[in-house]
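The following exercises are to be worked with the sequence and the coordinates at hand. Each task is followed by a solution in steps.

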Amino acid sequence: MIFDKPNSVDLLEAISHFLNTKIKSEVPAHLAFKIRIIENVLNIVIREIEKGDKLSNEVMTQLQSLIETDEPTIEALALLIKDEKIDLEDQDLKKLLVTLSKNKIAVDNPNYSTFKKLIE
Amino acid sequence: MTEELSIALQNKLLEANIEGKILNLVPLTGGASKEIWKFEVQDTDEIKQYILRKGSGIEGPLAIKTSDEALLQQEVKKINAPVPEIVAVSSLDEELGDSYIMKFVEGESIPRKVLRDNEYKDALPLLAFQCGESIAKIHEVEVNNLHYLQEKTPMDQLNELYSTYESFNQPSPMFEYTYLWLKDQDFGDIKASLVHGDFRLGNIIVSNSGLESIIDWELAHIGNPLQDLGWICGNSWRFGQNEKVVGGFGDLEDLLKGYNSISKFKVNENLVRTWQVFGTFRWGVICLIQAAAHLNGSVNSIEKAAIGRRVSETEIDIADLLFLGGK
């Protein structure tokens, strides 16, 4: 990247910090509630920037060995399941669906109870 | 804006012979789809508290009109199920829009407060049984009076959810798998009844003695009643209390004891489990619907945008239920 510091994560963290420390206590309850949502959204973006590639690649590697094409996609897998062109009882398929779900929630909401339970 | 709303409220209340000054009109943090306002009316010597529930006039594909919610609540009140008393109903073409005014019920609806605050500590162990009883009561409402509700079989609903998911063009391997799995299940051969459709913490008011009132009827329909039991067991509504299967506060055994104490159809745990997967899939599709309203430009809403990233919560929950022995 050709850009100077602060990088995108630094900038998002600065916004999050500002909202949390300077704004949240100054606004009525229903807006403070919205600020919490905004903070959550900023944190999703930060995690996606930081970990998104690695988490996606892990799924794609598993997917490649499962469906044996050069350029596997999530859409292609969805279609194979839909058309039942893949054995729904296949353990590798189930394993892949678990990895896919885990890696998505790892960005969207790593505090989610089921995710925390599964990584313990 | 608040002043205009105040005037509209005052006019509407006059129709119900409630006269007085509107005080302390404040928005409450409610669901993502409806406005909720709390206010007081000062009579000569008394102050009474009310709630306004107001829709935008544009319902999501699964929701009913706000004014129909009011009619439904009045119907449910007749069989002594706990619901707030409606004082006035307004249709979309009136000054107040698609909305209704009900009496304020003392208690708490915010899930995390109910689960954490000391005040509700003694209520929580009673709540699963009470919810079971109330859900069974809802299912005894005479459905012939509810002409504004659609009747949907489990397969109708499943296909409706699936085609809604498909219409958003965001293929999910987990949802495809779930749909095929659900199509194969036994949903229980039981007479169609009124289904609340969203019975869980957040949509019930809890006091220190337990369940006080059932609110938020926008997802009501006529269908297989077991849906309400599976729904409240979904992990989406446990608010972090994963080990408490019923709503984050109770055990399935107690919910079913309460339900079976009133219902003629006795329910076992396996049926609830199927409906739990169904409910989790349904919540996933509702998240997609909410996010789509933001994505297609019909509303610009941070809540609706954010909810699109909660679809993955339902996927991990279903993966846990189907593949990893989750409860």
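## Exercise 1. The sheet of chain B

In E3(B), B:Lys54 is the bridge partner of B:Glu35. The coordinates form a predicted model.

**Task.** Determine the strand order of the open sheet of chain B and state which strands are its edge strands.

**Solution.**

1. Begin with the pair that holds this bridge: strand E2 (residues 35-42) and strand E3 (residues 47-54) of chain B are joined by eight bridges in the antiparallel sense. Another bridge of this pair links B:Val41 with B:Lys48 in E3(B).
2. Examine the connection. E2(B) and E3(B) form a hairpin, with four residues between them.
3. Turn to the pairing of E2(B) with E1(B), which is antiparallel and runs over six bridges. Here B:Gln42 in E2(B) stands opposite B:Lys21.
4. Assemble the sheet: its five strands follow the order E1-E2-E3-E5-E4 (chain B), and the pairing is antiparallel.
5. Identify the edges. Strand E1 (21-28) and strand E4 (86-90) of chain B each pair on one side only, which makes them the edge strands. From one strand to the next, the twist averages 20°.
6. Add the helix that covers the sheet. Helix H2 (residues 66-78) of chain B packs on it and touches E3, E4 and strand E5 (99-103) of chain B. The direction of H2 makes about 150° with that of E4(B).

## Exercise 2. Two domains in chain B

**Task.** Give the bounds of domain 1 and domain 2 of chain B, and describe the side of domain 1 that touches domain 2.

**Solution.**

1. The domain assignment places domain 1 at 2-103 and domain 2 at 111-323 of chain B.
2. The C-alpha centres of domain 1 and domain 2 of chain B are 25 Å apart.
3. Contacts link 19 residues of domain 1 of chain B with 26 residues of domain 2 of chain B. On the domain 1 side, the residues comprise 13 nonpolar, three polar and three charged.

## Exercise 3. Helices H4 and H7 of chain B

**Task.** Compare the span of helix H4 (residues 124-138) of chain B with the expected value, and establish how many residues of H4(B) and of H7(B) are buried.

**Solution.**

1. H4(B) has 15 residues, and at 1.5 Å a residue these should span 21 Å; the end C-alpha atoms are 21 Å apart, so the two values agree.
2. Of the 15 residues of H4(B), 11 are buried, and the helix is mostly covered. Among them are B:Leu127, B:Phe129, B:Ile135 and B:Ile138, together with B:Glu133.
3. The buried residues of H4(B) pack against H2, strand E6 (193-195), strand E7 (204-207), strand E8 (210-214), helix H7 (226-233) and helix H8 (252-260) of chain B.
4. For H7(B), eight of the eight residues are buried, so this helix is largely enclosed by the rest of the structure. These residues include B:Asp228 and B:Trp231.
5. The buried residues of H7(B) pack against H4, E6, strand E9 (221-223), H8 and helix H9 (269-295) of chain B.

## Exercise 4. Where chain A meets chain B

**Task.** Which helices of chain A each supply at least two residues of the side that touches chain B? Is A:Ile44 buried, exposed or partly exposed?

**Solution.**

1. Between the chains, 33 residues of chain A are in contact with 28 residues of chain B.
2. The helices sought are helix H2 (29-67), helix H3 (74-82), helix H4 (91-108) and helix H5 (113-119) of chain A. The residues of this side of chain A divide into 19 nonpolar, six polar and eight charged.
3. Consider H4(A), whose 18 residues reach 26 Å from first to last C-alpha, close to the 26 Å expected. Its buried residues, including A:Leu97, A:Lys104 and A:Val107, pack against H2 and H5 of chain A together with helix H6 (173-183) and helix H11 (311-323) of chain B.
4. A:Ile44 lies in helix H2 of chain A. With 16 other C-beta atoms within 10 Å, A:Ile44 is partly exposed, because a buried residue requires 20 or more and an exposed one 12 or fewer.
5. Leaving aside residues up to four places away in sequence, A:Ile44 touches A:Val107, A:Asp108 and B:Arg309. A:Ile44 and A:Lys104, 60 residues apart in sequence, are 10 Å apart in space, C-alpha to C-alpha.

Conventions:
Residues are numbered from 1 along each chain as its sequence is written. Chains are lettered from A and ligands numbered from 1 in the order in which they are written. This is a predicted model: local features need pLDDT of at least 70, side-chain atom pairs count only at pLDDT 80 or more; totals for chains, interfaces and linings use all residues. Domain bounds come from an automatic or database domain assignment. Two residues are in contact if their C-beta atoms, placed from the backbone, lie within 7 Å. Ala, Val, Leu, Ile, Met, Phe, Trp, Tyr, Cys and Pro count as nonpolar, Asp, Glu, Lys and Arg as charged, and the others, Gly among them, as polar. Two strands pair if DSSP finds at least two bridges between them. Axes are lines fitted to C-alpha atoms, for helices over the stretch in contact, and angles run from 0 to 180 degrees between N-to-C directions. The expected span of a helix is 1.5 Å times one less than its number of residues.
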